[in-house]
Amino acid sequence: MSAPSLPTGYDVSKHVPAGRRDCLLTVGFDQHQQHIPRFLVQLHYRVATDPIEWTAIARMDHNETSALGHDVYHEGLHVDVARRSQPTVHLQLAHTSLPKSRGSVIRGCANYLKREAEYFVDVFEERRSPGRPPSWSDGGEPTPTFIRSRRVEGNMSREAPADADMVSDEELTELLADAEGTTPEEIERGAAELEIAPPEEATVVNVDE
């Protein structure tokens with residue numbers, strides 16, 4: 001089975017089923033002294049079958065180790081959404097308070113991309129417009145929330161056989177629990193408490209030129 005490229009440069013990188021045959025998740029995260037300082041969760045879509053070709057259509061990430069990184073605890077969760085013939089759109093998501101456990105946030109992001117896969121496929125195929133337009137203050141100035149574009153470098157992923165790197169939802173939870181020195185139940189509990197509004201209600205904060 002051909003599979004999407006895995007994120008490189010992370011301590012752990014895995015494929016995770018996305019609940020439909022034409023989609024697959026990839027998850028990468030670092031671990032340091034029972035802490036996860038950086039992660040990437042991507043939804044991949046199979047755009048061709050002969051030969052099989054995948055492309056990442058939605059990504060959520062966190063990086064507190066770099067000044068250029070996106071820190072979800074300061075900026076909130078966002079998702080970068082690709083479109084087949086138009087620029088990538090960056091959506092700011094409405095959500096409840098983030099759990100302290102980065103592992104729970106990763107599980108929440110994975111659940112979210114899996115749950116909303118049909119939406120992201122429709123946006124990629126340009127069957128619907130992403131999010132809603134930016135909101136404006138009374139003074140006519142744009143809201144201060146702004147996410148700088150950071151394109152994914154071509155060498156950030158590598159080809160790998162799916163079988164060796166595929167884990168179930170439960171196995172992903174166990175890997176995250178091991179990384180943080182906690183229990184799978186705590187990871188799942190935190191993920192369940194994290195509520196993220198549907199992407200249709202998200203705010204468009206940036207579009208790649």
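This report walks through two helices, one buried threonine, some salt bridges and the cysteines of the structure above. Keep in mind as you read that this is a predicted model.

## Helix H5 and its buried face

Let us begin with helix H5, which covers residues 169–180. At 1.5 Å a residue, its twelve residues should span 16 Å. The C-alpha atoms at its two ends are 17 Å apart, which agrees with that expectation.

Which residues of H5 are buried? They are Leu172, Thr173, Leu176, Ala177, Ala179 and Glu180. If you look down the axis of H5, these buried residues fall within an arc of 160 degrees, so they line one face of the helix. A general rule helps here: an α-helix has 3.6 residues a turn, so residues three or four places apart point the same way.

Turn to the other side of H5 and you will find Glu170 and Asp178, which are exposed. The buried residues of H5 are covered by several elements, including strand S2 (12–17), strand S3, helix H2 and helix H6. Just after H5 comes Gly181, and its phi is positive, near 65 degrees.

## Helix H6

Helix H6 runs through residues 184–193, and its buried residues are Ile187, Gly190 and Ala191. Seen down the axis of H6, they fall within an arc of 100 degrees, so these residues too line one face of their helix. On the other side of H6, the exposed residues are Glu185, Ala192 and Glu193.

What covers the buried residues of H6? The cover includes helix H2 (102–115) and helix H5. H6 in turn is part of what covers the buried residues of H5.

## Thr26, a buried residue in a strand

Now for a residue in a strand: Thr26 is found in S3, which spans residues 23–29. Is Thr26 buried or exposed? Its relative accessible area is 0%, and buried means under 20%, so Thr26 counts as buried.

Its surroundings come from several stretches of the chain. Leaving aside neighbours within four places in sequence, Thr26 is in contact with Pro4, Ser5, Leu6, Pro7, Lys14, His15, Leu40, Val41, Gln42 and His44. With one of these residues, His44, there is also a polar contact between side chains, at 2.8 Å.

## Salt bridges

The count of salt bridges comes to twelve. The table shows three of them, with the distance between the closest N and O atoms.

| Acidic residue | Basic residue | Closest N and O atoms |
|---|---|---|
| Glu64 | Arg102 | 3.1 Å |
| Glu188 | Arg107 | 3.3 Å |
| Glu116 | Arg115 | 3.3 Å |

Take the salt bridge between Arg102 and Glu64. This pair links distant parts of the chain, for Arg102 is in helix H2, while Glu64 is in the loop between strand S5 (52–63) and helix H1 (72–75), 38 residues apart. Arg102 is buried, with a relative accessible area of 15%, whereas Glu64 is partly exposed at 30%.

Next is the salt bridge between Glu188 and Arg107. Glu188 lies in helix H6 and Arg107 in helix H2, so the pair ties together parts that are 81 residues apart in sequence. Arg107 is buried, at 4% relative accessibility, and Glu188 is partly exposed, at 31%.

In the salt bridge between Glu116 and Arg115, Glu116 is buried, with a relative accessible area of 11%. Its partner Arg115 is exposed, at 51%. Elsewhere, salt bridges that share partners join Asp122, Arg127, Arg128 and Glu200 into one network.

## Cysteines and a loop residue

How many disulfides are there? The count comes to zero. Two cysteines can still be described by their burial: Cys23 has 3% relative accessibility and counts as buried, and Cys109 is buried with a relative accessible area of 0%.

Finally, visit Glu201, which sits in the loop between H6 and strand S9 (203–207). This residue is partly exposed, with a relative accessible area of 47%. Glu201 and Leu91 are 110 residues apart in sequence, while in space their C-alpha atoms are 9.4 Å apart.

Methods: Residues numbered from 1 in each chain as written. Predicted model: local features only at pLDDT ≥ 70, side-chain atom pairs only at ≥ 80, totals over all residues. Heavy atoms only, no water. Buried < 20%, exposed > 50% of the residue type's maximum accessible area, 1.4 Å probe, protein only. Helix = DSSP H or I, 4+ residues; strand = E, 2+ residues; numbered from the N terminus. Arc of directions from axis to C-beta. Contact = heavy atoms within 4.5 Å. Polar contact = N/O pair within 3.5 Å; in protein donor to acceptor, adjacent residues only side chain to side chain. Expected span 1.5 Å × (residues − 1). Salt bridge = Lys/Arg side-chain N within 4 Å of Asp/Glu carboxyl O. Disulfide = S-S within 2.5 Å.
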